[in-house]
Each structure stands twice: as structure tokens, then as C-alpha cells.
Amino acid sequence: MGASPACTGAGWPPRRRDAGRRAPGGTRPRPARREARRARAPDRAHAGGPRSVAPHGHSPYDPYDTYDPYDPYDTNDTNDHDDHDDERHRMKRLRGTLPSDARHAWHPEPLGPAHRDGWDTRDDDRVWDVVVIGSGASGSVAADRLVRQGLDVLMIEEGFRLSPDLGNPELDDMCRTALARDGQGGWTDEGWPWTTSNLGGGTVFYGGASWRYRPFDFDPSELVDAGGLDVRWPYGLAELAPYYDVLERRLGVCGGEEGEGSRGPAHPPTAAAEVLYEAGTALGYEPFPTPLAINRHAHGGRSACERNSLCVSHQCSTGAKGDAVAVFLAPLASHPNFTLRTGVRALRLNQDRPDAVGSVTCLDRLGRTTHRVRARSFVVACNAIQSAALLLRSRGGRAPDGVGNHSGLVGRGLTMKLSEYVSGVVDAPSAATLADWRAHAGPFSTIAFLDHYLDADCPTGVGGMIYESKNDMPSRIRDDVLELRIETILADHPNLDNRVRLSSHADEDGVPAVVIDYTPDPRDLRRLAYMTDVCERLLRKAGATGIAHEESGFAQGSCHLHGTCRAGDDPATSVVDGWGRVHSAPNVYVVDGGFMPYPGGLNPTLTIQAHALRSAKAVAGDLVSRHTAHV
């Protein structure tokens with residue numbers, strides 16, 4: 001397919017340098033994030049909070065925190081002391097670090113005049129137009145649109161603005177985990193219920209991959225049988241295209257497929273991408289540059305990428321990467337009708353009328369006090385796992401099973417995409433000096449393949465994407481050979497039995513811990529095996545040796561989360577409508593990946609952001625309509 005003039009730049013298409021002799025050997029490193037989490041000390045100490053909020057054990061303010069016979073770690077057998085000791089040991093891993101024990105990790109300065117850590121009691125009686133819950137990819141986009149339309153917006157984020165020197169592994173080590181199936185018939189406390197928890201969410205450490213979904217992803221029903229679940233989106237690609245255009249320009253997305261989108265010139269290919277390009281074209285593939293929300297040239301008041309750090313394990317120090325803080329939140333932080341409170345966690349939404357939520361109960365994680373925050377509309381943008389957990393916690397007389405759970409579907413249909421890494425090595429090109437760390441810095445991916453996205457030879461006919469995914473952890477980078485590391489990503493079949501639930505055990509804030517109850521579909525595992533064979537074939541064509549597979553651990557938690565508040569036109573079979581509006585509480589909108597009835601087979605961030613931008617239009621319109629109706 002090649003690259004369009006708009007997507008090309010110096011170095012694309014890649015031209016391989018002299019690679020010389022193939023290198024023997026290979027490694028099979030564990031995924032860095034999982035490695036960091038396994039190294040977490042099992043017996044972290046926590047500073048106690050005031051009596052109003054329990055830092056350990058059961059929550060004093062949650063009337064629904066009771067014994068759950070379906071909780072794999074919940075037991076009433078008080079005679080089995082050994083089991084209880086082991087259970088208590090494991091339960092400590094579900095509790096993250098309290099803010100009082102992690103001040104070194106937070107930025108010493110506010111983002112701007114609108115920002116402060118903790119709640120301000122002077123705002124107790126205030127009523128906002130909109131409360132946005134979550135500051136990551138979707139929440140930041142929605143807030144930006146709503147503020148610029150003149151609405152009074154409060155954003156609450158349970159995490160904090162990060163110290164610029166804090167790396168991804170260090171942050172992960174402080175975050176709470178979830179219960180998850182271990183794939184062996186048991187359970188593990190290594191479930192991962194988010195990308196990262198901080199101001200800007202996972203975008204602060206994401207690689208910037210910014211894909212437009214393909215037409216198939218909006219209606220895969222011809223090939224995808226989800227056992228009666230409707231996998232069709234309420235709208236198609238044409239409806240989302242204008243929002244993709246806006247965001248690609250705003251984020252500074254570079255690269256991508258020929259003739260697609262509002263994108264700048266691609267980043268130069270890495271030495272590994274040059275080898276992969278040659279191998280791919282020899283197989284008849286049509287590789288193209290990975291679309292990245294990283295400035296190739298200065299754009300939008302942000303500098304060009306200087307390749308002076310690793311993109312996933314480190315924060316971007318120059319602002320070249322289009323993360324939520326750099327692009328949306330930093331400019332908003334000086335806006336007069338925007339208020340940002342970090343270290344404030346949404347505990348539950350309070351539906352006090354049959355058709356509306358009137359407030360959200362929040363915990364000031366610094367002061368350890370709870371507050372009821374009122375607004376006319378609420379935008380839920382926590383991620384597909386955390387948003388479902390919030391709605392499930394939001395039980396009351398008008399919503400006995402949780403806000404939006406009129407159909408019993410909140411939390412159900414969780415999809416996390418299947419993925420696996422395959423790597424091999426060749427001799428380093430003579431022009432590359434891999435001993436210099438700068439040879440490894442910069443974008444994590446510069447070449448991609450969609451030739452097997454739909455593949456009649458793949459089980460079910462639905463294949464996946466392949467792209468370069470270079471090692472981004474300094475301890476794992478090799479300087480003696482050139483590593484060719486690729487990843488395949490596939491959409492998984494939605495299944496109502498895959499779901500988010502609440503545990504009877506509490507996290508460090510006294511809130512019910514999350515249970516990720518997910519089992520991969522055997523059809524999807526066969527598809528994954530097929531696609532990893534394709535990856536091996538590509539690497540062998542490149543002359544790689546020492547080929548190794550590296551599991552991503554997707555079944556215990558993923559950076560790609562979808563489906564727990566599925567969208568549809570029928571309230572009996574969905575949680576939200578096509579705008580993300582909750583059917584049974586229409587002043588509440590879910591704008592993260594939870595709305596997706598089918599997860600698609602590409603990195604979802606740009607699509608989630610486009611949906612959030614579209615939904616924000618509806619939020620503003622509904623507020624105007626309600627105001628007009630009462631005049």
C-alpha cells in the first residue's frame with residue numbers, strides 16, 4: 001500500500017543498511033510491567049487515616065460491602081487459620097500505596113491556577129455544569145470540548161500529577177491490583193485494572209499509537225459470532241471521521257496508511273524497521289509507518305521529538321508526545337471555567353431522581369474525608385474496568401443494582417484484546433551504534449502491517465495487526481545485536497461471562513476491590529496462535545535467529561479495555577446509547593472504552609478520544625436543552 005505523500009518523510013520507505021552477518025542467540029525477557037509488579041513488596045505499610053474512612057478492610061460507608069460467595073478470596077471458614085493467613089497476605093496486594101506514603105512521586109507544583117491536590121471545602125455548596133471523572137485520554141478530550149463551549153467544568157482524578165523523573169515501573173509499583181483468573185483454574189492478585197493511575201492517565205506513558213478503526217470494526221457481525229450479543233456499533237466510521245480529523249491535527253499524529261486522515265510526515269524508521277520492511281515486502285506485504293501522536297516537527301506549541309528518552313518507560317520531557325496533560329490539560333489549567341482536583345476519588349454516583357444523577361460522593365485521598373459534589377451532568381471516563389466498578393458501587397433506591405445497571409449488563413462483556421510479542425535477532429547494521437542509548441530512544445514503533453487483519457486462513461477469518469514494538473526498558477535493551485521485536489494484537493469475542501465485579505475485600509481507600517473475571521475464548525486463542533506463526537514467518541524471512549515468544553498477560557489486565565458499558569439502541573440489551581448516554585440516567589455519559597460493543601483489532605486510544613469528543617457535543621446540547629426547557 002505504501003505511504004502517501006502526507007505520511008512520508010525522510011527515511012520512508014525504509015532502506016536497509018548493511019546488516020552483515022546474522023547474530024546467534026536470543027532471549028525471552030518477561031514483560032517489564034509484570035516484572036515490576038511481581039517485585040512489589042508483599043507487605044507494604046500504610047499510614048492510617050481518620051476514622052471516617054478505613055484505610056484497610058471493609059468500607060464503613062459502603063452498605064453493600066458484604067460476603068460474596070463468588071469472590072474467590074472471600075471465605076467464612078474461620079477454622080482454617082492457615083488459609084486465612086495466606087488470604088490476608090494476598091489481600092495486601094490489592095491495596096495500593098496511600099498518598100501520604102508516596103509524596104515523592106507527585107509533582108511539587110500545580111499544573112496551573114485551576115489545579116490543586118485534594119478537595120477545597122469552599123466548593124461544597126457549588127453546582128457545576130459538568131463533573132468529568134477521570135483525566136486520561138477520554139476525560140481530557142471531553143473536558144476540553146465542554147470548557148471551550150463555555151460550560152463550568154470540574155474534573156476529579158484519584159491520581160496525582162507525576163514528578164517528571166518518575167518512571168512507569170515505579171508508578172506501577174504503587175498502584176493497587178485486582179483479583180483475576182490465573183489461567184490455571186485459580187485466581188491471582190496480579191490483575192491489572194488500568195494502564196496507569198495519575199493525572200493524564202495512561203497517555204503519560206503510552207507509545208502514542210493512534211489508529212483509526214477500519215470499517216469492519218464498526219460492524220463485524222458477518223464474521224464475529226458473540227452468542228447473541230450485538231457486536232454492531234450504533235454508528236459507523238463515516239460518523240466518527242470528522243472527530244478523527246480534529247484529534248489528529250490537535251495531537252500531531254504522524255504516519256499511517258496511504259490517503260488516510262489529517263496526518264503529518266512519518267517518523268524515520270528504526271534500524272529494526274528497515275529490516276522488517278525488507279522482509280515484509282519480500283513476502284508481498286504492504287507495510288506502512290505506524291501512526292503516532294508524537295510530533296515529527298514542532299506542532300501546536302509543542303516541540304519536535306528529540307529522541308532523548310524512551311517513550312513508554314519514561315515521561316516525555318519535551319512535550320512532543322501528544323499526551324493528555326501536554327495537549328489538553330495544561331492549557332485548560334489556566335481557564336477560568338475549569339477546575340481540576342487531583343487526589344479526589346469518585347466513590348459512587350447518587351441517582352436521586354428516576355431519570356437523573358444529582359451528585360457524586362468523593363473521597364479526598366489526602367484529607368481522608370468524603371464530600372458530595374453536585375452537577376447537572378456527569379462524564380464517566382475512568383477506563384472500562386474502573387468506570388464499570390464505579391457504576392456498580394453506585395447503588396441506591398433509584399438504582400438498586402448500580403447506576404446504569406437496569407439491564408444487568410454493567411461490567412459484562414469485558415474485552416481486553418489478545419496480544420503476544422515475538423522477537424529475534426540479527427547482526428547490528430554497520431551504521432548503528434547500539435551501545436549508545438540514543439540508538440534505542442524515541443518512538444517505540446515505526447512500521448506496521450495490516451495484511452492479515454482479515455484473513456480467510458485464520459480461524460473465524462478475523463486475524464490481527466502486527467507492528468514493531470521495541471523494548472523500552474533500559475535493563476532489557478541489547479547492544480550486541482539488533483533485536484527485531486514485533487507484537488500482534490487481535491480483537492477478542494465479547495462474552496457476557498467476562499466481566500468486572502466487586503470483591504468484598506477493600507482496597508487502601510476502603511473501597512471494594514475489583515475482580516477481573518475473564519477467560520479467553522478458545523477461538524481467540526487459536527487465532528492468536530495463527531498470528532504468532534505469521535510473526536515468526538516474518539522474522540525468519542528477515543534472517544532472525546533465537547526467535548522467542550513473550551506473553552503479554554492480557555487475560556489478567558490490559559492497556560486496551562472495552563465493552564463493560566456496551567452501547568446500543570435497545571436499553572434492554574445495552575447500558576448506553578450511541579452518544580454514551582446512560583439509558584436509565586441520561587445525564588450520565590460513559591466516554592471511555594467501556595461503550596464499545598466490539599473492541600476492534602487496533603490500539604483504541606484515538607477511537608476512544610474521537611468518541612469522547614462526539615459525546616461531549618451531546619452533553620453540551622443536552623444541557624442547553626434542559627436549560628431552555630426550564631426558562
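Biologist: Why does Asp-517 count as buried or exposed in this model?

Modeller: The general idea is that a residue counts as buried when its relative accessible area is under 20%. In this predicted model, Asp-517 has a relative accessibility of 10%, and therefore it counts as buried. Asp-517 has its place in strand β15, which runs over residues 512-517.

Biologist: Which residue is joined to the side chain of Asp-517 by a polar contact?

Modeller: The side chain of Arg-181 is joined to that of Asp-517 by a polar contact of 2.5 Å. Once the neighbours within four places in sequence are left aside, the contacts of Asp-517 are with Arg-181, Trp-187, Asp-497, Asn-498, Arg-499 and Arg-501.

Biologist: Which residues touch the most other members of the largest nonpolar core?

Modeller: That core has 160 residues, and those touching the most other members are Val-131, Leu-146, Phe-338, Leu-349 and Leu-484. Helix α11, residues 605-629, gives the largest share of this core, with 10 residues. Apart from it lies another core, of 5 residues, and Trp-187 is among them, as are Leu-94, Leu-179 and Ala-513; Trp-187 is also one of the residues in contact with Asp-517.

Biologist: How many cavities does a search of the whole structure find, and what lines the second largest cavity?

Modeller: The search finds 9 cavities of 30 Å³ or more, and the second largest has a volume of about 150 Å³. Its lining consists of 15 residues, with Thr-97, Trp-106, Met-174, Ser-197 and Arg-365 lying nearest its centre, and the lining residues of this second largest cavity divide into 7 nonpolar, 4 polar and 4 charged.

Key:
Residues are numbered from 1 along each chain as its sequence is written. This is a predicted model: local features need pLDDT of at least 70, side-chain atom pairs count only at pLDDT 80 or more; totals for chains, interfaces and linings use all residues. Side-chain values use heavy atoms; hydrogens and water are left out. On a 1 Å grid over the protein atoms alone, a cavity is a set of points where a 1.4 Å probe fits but cannot get out, and a pocket is an open set with protein on both sides within 12 Å along at least five of seven lines; lining residues have an atom within 4 Å of a point. Grid points are joined across faces, edges and corners, and a volume is the space filled by probe spheres set on the points. Ala, Val, Leu, Ile, Met, Phe, Trp, Tyr, Cys and Pro count as nonpolar, Asp, Glu, Lys and Arg as charged, and the others, Gly among them, as polar. Helices (H or I, at least four residues) and strands (E, at least two) are DSSP runs, numbered from the N terminus. Buried means under 20% relative accessible area, exposed over 50%, partly exposed in between (1.4 Å probe, protein chains only). A polar contact is a pair of N or O atoms within 3.5 Å; within protein, one must be able to donate a hydrogen and the other to accept it, and residues adjacent in sequence count only if both atoms are side-chain atoms. Contact means heavy atoms within 4.5 Å. A nonpolar core is a set of buried Ala, Val, Leu, Ile, Met, Phe, Trp, Tyr and Cys residues joined through side-chain atoms within 4.5 Å.
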